[in-house]
Amino acid sequence: MNLELIIFIVLALTGAISAVGMITRPNPVISALFLIFNFFALAGLYLLLNAQFISIVQIIVYAGAIMVLFLFVIMLLRTGEEPKLFSEKKHIKYFAIVIAVLVFVQLGYLIFYEAPSEYISQRVQQSMEAGTIENIGQQLYTTYMIPFEAAGFLLLAATIGALVLAKKNFE
Amino acid sequence: MLTEFGKVLVFIILAAAFVVIALFVARLIRPARPTKEKFTIYECGENPEGTPWVKFNIRFYVVALIFLIFDVEIVLLFPWALTYQDYGIYGFLVGIIFLLILGLGMAYEWRKGDLEWEKPSPKPPNLAKILEKSKRNIPVEVPD
Amino acid sequence: MPINSSEYLQILPFLILGLGIVISTLFEMYYKNSENFLPWFSAILFLVTGAIALTGLHDQTVLFGGMLAAGGKSAIFHFIFNLGAAIVVMSSVNYLNKYGANFGEYYILLQSSVLGMMMMSAARDIFMIFMGLELMSICFYVLAGINRKKASANEASMKYFLLGAFATGFIVYGIALIYGSAQTTSIDAIVNNFSALTDNVIFIVGFAILLIGFSFKIAAFPFHMWVPDVYQGSATTVTGLMSTTGKAAAFSVLIAIMTAIFSENIPNTFVDYFAALATLSMLFGSIVAIAQDNLKRMLAYSSISHAGYMLIGLSAGNESSVAGIIFYLAAYAFMNLGAFAVISVIEGENDSNTELNAYAGLNSKSPVMAFFMALFMFALAGIPPMAGFFGKYYVFIAAIEADLTWLAVVGVFSSAISVYFYLRVVVYMYFKESEYDFIIQKNNSGMFAVMVSGLLVLVFGILPDTLLTQILSVINY
């Protein structure tokens, strides 16, 4: 057992346990804290896959900004007064189980039958180089230049839209 | 052999161990005598009433939302900062146009006053009115 | 990467619209009466953008290392989006006052959504499609709930956002699986290796999930549940935009992907999927629309059934069917926009007068409105001299060519059902006594929007060949 495998097992266990913890806790604040754990574990896993940039993004955007937003939303709502979703609509639970099983089967197929191991070993070096921030920058500012500028307009529209919905003063 | 990330890992492990060990040792050596009073919420000697869960104002949410949008912007500018010099003036312009569009969003917020922290303006109590009211309510002492 | 400055000339429509968004935002910031100025600015902006897009019609190229296509089908789509948005702007001017949400931001979001649609229809890379889709959808979510004080608008916005985000999740998941199996996001590269890739189960699953996600966006039957509430709850002009150009944008993506597949002489693997979806959407939309008394809700169900007619074209999968869908989309855009423009003129405050009985005896109150509403209803029903007829005709002919006669028969049957509820509106307007009195506010720009769409519906109906030859000339097989 090498170090990488140990780290992987630790991170994967943290991720899985915190994910289960997140959906089973009745208190939304505790759920949100479990989610942060999950995000960090995922960031570690990305790092193991040589995706350094994605890992940083995971921490900056998800564990940082999105978690703050989640917590504010939880604070904004009085969650105790909300009726419980599953007690009102029982069939949603079965629907969720079906979806989860489908995704799980698919992932299992990908891992065990698609024989990705040869694939991956060929591409380890390539992926190590592709994951660096410089390489992503080079891609982003040449091939993906147009989508990048489009992202600017997307963020502008999102800013204006958010402010219209949240703060617009009505006469 | 440690890579650069290996060093970071050692650092993280040491940081986590530091916290865990400190808490664990403190637990071992501190006295533990819980009483019912110690578990109540500290409210300056008052008995706490109701839930501490109050509704937050929507402006916190707006700030968080704007923070999220600019966080994404930071993430997209990270790679630009590292590589723009490889592409000369062109690479510079690509990032600057992106920044200008985002800056426009920022200016829009600023101009529209969405960055102001709207305080609910408390009305100062009108002394004259209160006096008048109190005058009416105080029974006039009638001398015998 | 060598920078070719002539590429920037080819994407001039994008640059102009982008610049327009920036200028509009600046106006909104520094000009007090921006809501009186911005509609005229946006209308001119849309017309200029559309005209420039049309000038590049026969100049088909792929730009920026295979990111965007210019000219050809995308030019036609750009023209439809921009002209449609201009009509929406014209009908919004007075409507927004009535609706209680006359903001300059409305027009900025309108421009941004059109930019998103243009990206979708010009994209040659799945990544680009996704950016355009998100830009369009985010603007639509906000536009649906632009009046925060209306409970129905909030509900519409919320439902649209939740289900739209769900659909987007599907699309991203599909893209991830496609990328994982094909190692590329370029549509051309995927299509060139399509036969080899279809051996890979993961690729097929990813492609199917992508199609399901877009079936949400075009509002086809099993994925239609958001449509009635969203179309009824949003502002009427916004509904007009979502149901026509929004649908056209989603279709343009499906056409871009599927046409590339058809043109490589690859058997249409998804014919059963599209045929099933088409049958269900047509019949469901037509049958449920019969029971609706609210005009906006009725048009929502009718838009589901129109999605079904267009899907017939995708299941047929040949040259004439693709041309038929594009023609249908153009015709549908203007007849539906016209119908929504009429509703927005008639509508009073607080969503009043959108019920069918408000239209009883409309002929005596406003003969012009009644005439144009009848025109749009005939067109939607597919009665010959109008544009709607030729849209259906081309699609059905294409289905018969592709040995899918049963699908064309179902389509004809469904249009026969739909005649009932479209003509019911006409009967109410001309042959019923007015049930209650209300005043139709003077709305010149709205009237203008109605007339322009009416004119376009008539022109497309009387001279369908001119448009169709243009479309056929740019579909390069």
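This report looks at one helix pair and two loop residues in chain C of a predicted model.

**The helix pair**

Two packed helices are described by the angle between their axes and the distance between the axes. Here, helix 6 of chain C (residues 126–144) packs with helix 7 of chain C (residues 151–182) at about 170°, and their axes are 9 Å apart. Angles over 145 degrees count as roughly antiparallel, so that is what helix 6 of chain C is relative to helix 7 of chain C.

Who touches whom? From helix 6 of chain C, the residues in the contact include C:I126, C:F130, C:L133 and C:Y141. Across from them, helix 7 of chain C brings residues including C:A153, C:Y160, C:F161, C:G164 and C:I178. Taken together, the residues of this contact split into 13 nonpolar, four polar and one charged. C:E134 is also part of the contact, on the helix 6 side of chain C.

**Two loop residues with positive phi**

Now for a couple of backbone oddments. C:Q183 isn't a glycine, yet its phi is positive. The same kind of value turns up at C:D403, again a residue other than glycine.

| Residue | Phi | Loop in chain C | C-beta neighbours inside 10 Å |
|---|---|---|---|
| C:Q183 | near 60° | between helix 7 and helix 8 (187–192) | 13 |
| C:D403 | near 60° | between helix 18 (387–401) and helix 19 (405–431) | 9 |

Are these residues buried or exposed? C:Q183 counts as partly exposed because it has 13 C-beta neighbours inside 10 Å. C:D403 has 9 such neighbours, so it counts as exposed; the cut-off for exposed is 12 or fewer.

Conventions
Residues numbered from 1 in each chain as written. Chains lettered and ligands numbered in written order. Predicted model: local features only at pLDDT ≥ 70, side-chain atom pairs only at ≥ 80, totals over all residues. Axes fitted to C-alpha atoms, helices over the stretch in contact; angles between N-to-C directions. Helix = DSSP H or I, 4+ residues; strand = E, 2+ residues; numbered from the N terminus. Parallel < 35°, antiparallel > 145°, perpendicular 65-115°, else oblique. Contact = placed C-beta atoms within 7 Å. Nonpolar A, V, L, I, M, F, W, Y, C, P; charged D, E, K, R; others polar. Buried ≥ 20, exposed ≤ 12 C-beta atoms within 10 Å, placed from the backbone.
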